[in-house]
Amino acid sequence: LGQAVAGTDYVAITNQIATITAGMMSTTVTVSVEGEEIAELDETFTVNLSDAQFDGMDDSSRVTIGDDSATGTIINDDVAALSIDDVSIAEGDGGATTFTFTVSSSSAASQVIGFTVETADLPLQAIAGTDYTALAPQSGSIGIGSTSTTVTVDVIGDELVEADEEFSISLSDVLFGGVDDSSRATLGDAMGTGTILNDDVAFLSIGDVSQLEGADSSTIDYVFTISSDLMASEDIEVAVNTADLVDAVGGSDYTSIVGGSAVITAGDTSTMVTVTVTGDELVEVDETFAVNLTNGRFAGVIDTSRVDFTDASGEGTIVNDDSAVLSIADVSQAEGDSGLTDFVFTITSTSAASKELTVRVDTADLLGQAVAGTDYVAITNQIATITAGMMSTTVTVSVEGEEIAELDETFTV
């Protein structure tokens, strides 16, 4: 038992006179006890009698004191119930982050309240030694008059994209002044949860690819690399679609991807997407198409707090590997006796082209042969065009007819 203190635990009585009325055999004395919300030992005080008198006079032949002291016991009616709170903090990228848990008592106590605290893994959640430093059962205490204390757990930071993880921290074995006394100290909410909040984001990018398209009707794979700057604890999935850019046409120049997907497996940082390009013999500009990424998913769920993009579009360049070689055929024809006769020269390309081909055309005399203005109409700086998709065109030179017997004459185009 503890000892009550006058003025704190009860209102003291000093030199108070108690009277038993004539003809009666008892009376009462009242002591006021101070109520409080402190878990404590039962406390005692005494009420002492002295100076007994009969009709106002000291007369030991008529009145004496037998039991001159009574004990008042102030019985404790408060219980300190201990609880521990939950803590949620970002884990950090490295080193240790301290999670500070508060152990609270529902009331102060006159004795030290002791307890045991320890951590534990939860199923499919944080793992001691990997995600946090475990607390083996250890002692803690709340000091006299206090209502709280703290317990710390070190969380291990990393650069892994992952789900939020939890571990438990629990209280047990509550003691009041070193004694197991549930009437004065007990458990309230004895289980706390530490939530390790993920603070990492996998930023994805896709590279560009530039290759020769290949021979006519052949196919070549354009392999695009999708990279993540961080690993993840779960699969990362993205939607993949292609789109035409400059001149390239899906279904003709390359095989389109519509509603495709790509997966970076948990623990990896890259994956590949392949687009098949079809070769041809058409002279053309370099053609481009895009491979676009959208809807980054972590563990099957779209989650921009864990998956985002730095470069969500890769460019495929189909490099032309065909060239057109132009040639012009000779023409040999009778001139006629008068007027103009058309000499039609054919300009031929070895390959068709996606754009029109043009070439400058000029005629020229040969020494001792045909003479421009006399034998034929000269051409100077004329442009001949082979239409896109075609392989030839013509150039016409007008030859002057005459009735002169002469050697055959030549000119060049």
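**A walk through salt bridges and strands**

Let's start with Asp 59, which is buried, at a relative accessible area of 18%. That earns the word because buried here means under 20% relative accessible area. Everything you're looking at belongs to a predicted model, so keep that in mind as we go.

Asp 59 has a partner: Arg 62 forms a salt bridge with it, and the closest N and O atoms are 2.6 Å apart. The two ends of this pair sit in contrasting surroundings. Arg 62 counts as exposed, with 57% relative accessibility, while Asp 59 is buried. What lets such a pair form? Side chains of opposite charge can pair when their charged atoms come close.

That pair isn't alone, as the structure holds seven salt bridges. Another one joins Asp 42 to Arg 184, where the closest N and O atoms are 2.8 Å apart. Find Asp 42 in the loop between strand S2 (38-39) and strand S3 (43-48), then jump to Arg 184 in the loop between strand S12 (165-176) and strand S13 (185-187): the pair ties together parts that are 142 residues apart in sequence. Are these two partners buried or exposed? Asp 42 is buried, with a relative accessible area of 18%, and Arg 184 counts as buried too, at 10% relative accessibility. There's a third member to add to the picture, since a network of salt bridges links Asp 42, Asp 181 and Arg 184.

Now head over to Asp 164 and Arg 306, whose side chains meet in a salt bridge of 3.0 Å, N to O. Here, too, the pair ties together parts that are 142 residues apart in sequence, because Asp 164 lies in the loop between strand S11 (148-156) and S12, while Arg 306 lies in the loop between strand S22 (301-302) and strand S23 (307-311). Asp 164 is partly exposed, at a relative accessible area of 34%, whereas Arg 306 is buried, at 11%.

Next, the surface. Which residues form a negative patch there? They are Asp 93, Glu 159, Asp 199 and Asp 229. Take Asp 199 as your landmark: look in the loop between strand S14 (191-197) and strand S15 (202-206). Asp 199 is partly exposed, with a relative accessible area of 34%.

From there, move on to strand S17, which covers residues 219-228 and includes Ser 228. Ser 228 counts as buried, at 9% relative accessibility. A polar atom of the Ser 228 side chain lies 2.6 Å from the backbone oxygen of Leu 230. Strand S17 also holds Ile 226, which is buried with a relative accessible area of 1%. How far apart are the C-alpha atoms of Ile 226 and Ala 312? The separation is 9.1 Å, although the two residues are 86 residues apart along the chain.

For the last stop, try Gly 373, in the loop between strand S28 (364-365) and strand S29 (382-386). Gly 373 is exposed, with a relative accessible area of 63%. Pick Ser 227 as the other end of your ruler: the C-alpha atoms of Gly 373 and Ser 227 are separated by 70 Å, with their positions 146 residues apart along the chain. Set that beside Ile 226 and Ala 312, at 9.1 Å, and you have two handy distances for finding your way around.

Technical notes
Residues numbered from 1 in each chain as written. Predicted model: local features only at pLDDT ≥ 70, side-chain atom pairs only at ≥ 80, totals over all residues. Heavy atoms only, no water. Patch = residues over 30% accessible without salt bridge, like charges linked within 9 Å, V, L, I, M, F, W, Y side chains within 5 Å. Areas by Shrake-Rupley, 256 points an atom, 1.4 Å probe, with all protein chains shown as cover. Salt bridge = Lys/Arg side-chain N within 4 Å of Asp/Glu carboxyl O. Lys, Arg positive; Asp, Glu negative; His and termini not counted. Charge placed at Lys NZ, Arg CZ, Asp CG, Glu CD. Helix = DSSP H or I, 4+ residues; strand = E, 2+ residues; numbered from the N terminus. Buried < 20%, exposed > 50% of the residue type's maximum accessible area, 1.4 Å probe, protein only. Polar contact = N/O pair within 3.5 Å; in protein donor to acceptor, adjacent residues only side chain to side chain.
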